[in-house]
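Q: Pick one part of this chain and take me up close, please. I'd like to start with the whole thing for orientation, and then zoom in bit by bit.

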Amino acid sequence: MPKTPEGELNVLVAGLDTAGLSNVTLRLSSKAWKEAVIQTIASLPEGKQTVDIIVPQVTNAIEVAVRLETASGRQDHGPFVVRPPRRWTVYLTQHTHTDIGYTRPQTEILPEHLRYIDYALDYCDLTDGYPDDARFRWTCETAWAVREYFLGRPAQQLERLKRRVAEGRIEICGLLLNMSEISGEGSLAALVRPVRALRAAGLPVVTAMQNDVNGAGWCLVDYFADLGIRYLTMGINQTRSILPFDKPTVFWWESPSGKRVLASRPDHYHLGNMWRIHQGTLNTFKSGLTKYLLSLEERRYPFDRVGVQFSGYHTDNSPPSTVACDVVRAWNEQFAWPRLRLSVAQEFLVYVEKEHAADLPVHRQAWPDWWTDGFGSAARETAAARETEAALQVSQGLLAIGAMLGAQIPSGLLQRAAAIQDDLLFYQEHTFGAAESISDPLAENAQVQWAEKAAYVWTAVKDSHQLREQALGLVQDFLPRAELPTIAVFNTLNWARAGLVRVFIDRQILPPDRAFRIVDGTNAVPAQPLQHRAEGTHWALWVSEVPSLGYKVLRIETANEPRAPETPGTNSVALENPFFKLTVDAERGALVSLVDRETGQELVDASAAWGLGQVIYETMPSRRDLKPGALTRVPARNVKVTPGARGPIWQSLVVDADLDGCATNRGLRAEIRLYDTEKRLELHYALRKLPVRSPESVYVALPFQAPKGRMLYEAQGGLVSPGEDQIPGSSSDWQTWQSFLAIRSADHQIVLGSDQAPLVQLGDFNLGKWQPVTRVEKPHVYSWVMNNYWFTNFRTEQEGEFKWHYYLTATQDLTRARATRFGWGSRVPLVGRVFPAAQSATVSARLALSTVTVPAPDLLVVEARPMRNGGGVFFHLREVEGRSLTIAPEDVVAHAALQGADEVNVLEEVLRENISAITLQPYEVKFVRLRF
């Protein structure tokens, strides 16, 4: 709507489809106008074109007739109904878009982003004299650079930043990085930790921004609720995905318990750059903006205001720029409507919340991420990250146990744990490598970026082992010692449990030639050797009823007689015990039958094309041709099945085979372990991968039989029924499980998971279907172990030996709590510490102890750790069954005297002091501090 001395006029956009014309006259007439509007055009190229025509202001719907005149004649069209234009306000939000890499090596990115904040402050100063709408504004998309900025910039520079934040010229968002879905809920809780320091500095944080990626962890909604983070904006990049919703959408996104955040799905985070706003050419920008606003009207966009993101330049990791300030100033001087405003991220959402909150749709659904599949291009590093995430949960649990036993926790250990978590987050962050990682994998930038990306996870692995040793060293003084060697076994979950613990025992403590017993009280503990070394042996022990958040001490008793030799297995294609009976197809090396001996039910779908546990190699001709018909799948060949172990814990079969893409002469080995100590089956794999740059994938088929079975998988923060419990358009062809997946029938459920391999396709091979909503027609699971299908960012090849495994059970207990305990108990291991014989026994310490017990089977303690500033132990709680749960102090059985309990938020900030009870609504997440 142009401004003129005579008042406001309208721009009418006419769409023409011609064979190419010159010297054109357009004559527009309407009964509402005093005279016709005439516009001449020197030439119109062939094809579809739009022409802007200034016409009198349209205040009501009118009919307009169009006459097109050329040298060859005239054509009459219409009349067309023209309605009054919307009085649009467009909020333009400038940010850098934080990629940790991609454009340049990771080590160059941080210095650049710190400089960007300096520039943003200077650009605020330079445009203070501009009209308010055109003044420079900047949104710090992630909190990472701001966190580092506060560690090193002088006080006067920090005061400048605080002042501009208070003015609304700069906004700091609350997430450390733009994350993939590979992170667990504990890692995502750490994602908001920078908010604590920002708020301590007086900087408000009300918005979270997650750009580029096309999903977000469901648990984030629970974390935001008590932090004052009211808004989430997701500038999705649709590459290799489909978009939720058919237009930009603002909605209430609810967690499983009903906590909510106002979420926005705008269009691409560089939409403004697609209109060339960074080039400063008004006419080019006008064309893009006009077409976009018209498309919003055609898609029935509900508001007359819209939020649009852009960067100072059309690149990721972009510096800020004031070019848009001049564009907005010139535009608003020329046009009354649409009004343009440079804004921070929250402004548009503040308007929507104020004016339309009651009218917005509500989605209590997960938002899984399409791009997590790329983490399968580095299967070894992804497995290491997941294992280290679980290891960190254990080590922090050990520190919590130590604190509740009375140990003083050195601050350095908490700092080490935080550094490990940071390294994990930097691996799990969405940017994997260089833009040219596929097109030019030998380029220095591609090589350096992958080396730096991988370094995050291997640094976390190294430091995690050190933290574990330090945590065990801290608690060992509180343990009983005996005149015989002992093994302390620790459980960092919140229920007493039996399970496998792996320990290394030196030959001096357990001579290899002598008979022995490992004893729990008076009962022998099943022990099975895993690997022999020159100095000792790795053992697997099956330990019963290790107390919750506590320990149990075992004794090692040796005898003078010689040790009996290990008993090899004898069965070659079948195994059975009181729990399961299984049969292996010797030609395919896969299970063709798995019978639940307790119910008599067959758990394998015999009609499936692939056997249970069968490894599949997949190829396609082009990364750009991702559709089902282009994919080729072949099984392993030259299969040989032989007897495996026959020990007191498990019996097994070993499958050796050749597989395309792998080393010749048995590049694939699998071990099928049937446990005798618990109703459990494990499938262990080792693949010797050759480097292959052409597109490839590896799967493991898990086709179950479960009449009318319904799948549920654990995402971060809750269980998801594929399709039903996820936002339409979110990742539907593949999913990412956290700890387990359950297949529930009327009278039983199958529960399975993998610590190392998180990607699955459900019901069928779904790659390339691009389903708007997941459809699971059969209870088949296809574990997507590795791939290299991306055309940018991710790895082009992987090589060497990779090991992974699955855990599985079947139960007549249909509760979510049972599935959760099996999944978490399988992924979060018991840990052990071996002690040599002591000079004298310790009589004061107990042989088994729980530091804290809460008799609540529907409760999951996601994390327990010492408070960062002392003063107690922090507990991250989640209700898992969908039933309200109340815990009073008298329900808590603690080893140390409980001084009080406080409800806190994810940042450990106190919400309610000295609580008499805490209630968790169905599926709710809460945080508690216990003071001892």
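A: Let's begin with the yardstick: the radius of gyration is taken over C-alpha atoms, and the globule rule is 2.2 Å times the number of residues to the power 0.38. This chain has 932 residues, so a compact globule would come out near 30 Å; the chain has 31 Å, which agrees. Keep in mind that this is a predicted model, where local features need pLDDT of at least 70 and side-chain atom pairs need 80 or more, while totals for chains, interfaces and linings use all residues. Residues are numbered from 1 along each chain as its sequence is written, and side-chain values use heavy atoms, leaving out hydrogens and water.

Measured out along the principal axes, the C-alpha atoms fill a box of roughly 115 × 65 × 55 Å. Inside are 14 helices and 54 strands (DSSP runs numbered from the N terminus: H or I of at least four residues for helices, E of at least two for strands). Of the 932 residues, 60% count as buried (under 20% relative accessible area, with exposed over 50% and partly exposed in between; 1.4 Å probe, protein chains only). Now take the contacts (heavy atoms within 4.5 Å) between residues at least 6 apart in sequence: 76% of them join residues at least 24 apart.

Time to zoom in on strand β16. β16 covers residues 305-310, and five of its six residues are buried. Who lies alongside? Strand β9, residues 89-94, runs parallel to β16, with six bridges joining the two (strands pair if DSSP finds at least two bridges between them). For one of these bridges, look at T89, whose partner in β16 is R305.

Stay around here and find Y91, a residue of β9. Y91 is touched by E347, which also touches R137, R341 and L342, leaving aside residues up to four places away in sequence. E347 belongs to helix α10, residues 346-356. Is E347 buried or exposed? E347 counts as buried, because its relative accessibility is 19%.

For comparison, hop over to a residue in another helix. D118 sits in helix α1, which spans residues 106-126. With a relative accessible area of 17%, D118 is buried too. Beyond residues up to four places away in sequence, D118 touches Y149, R153 and Q157.

Loops have a story as well. R795 is in the loop between β42 (780-787) and β43 (800-811). At 21% relative accessible area, R795 is partly exposed. Setting aside residues up to four places away in sequence, R795 touches S377, A378, F432, I438, W450 and N788. P722 is 73 residues from R795 along the chain, and their C-alpha atoms are 28 Å apart.

Finally, compare that parallel pair with an open sheet of five strands, where the pairing is antiparallel and the order is β47-β48-β54-β51-β52. Its edges are β47 (859-866) and β52 (910-912), each pairing on one side only. Within the sheet, β48 (residues 873-879) and β54 (residues 925-931) run antiparallel and are joined by six bridges. To see the two strands facing each other, find V873 and look across to L930 in β54.
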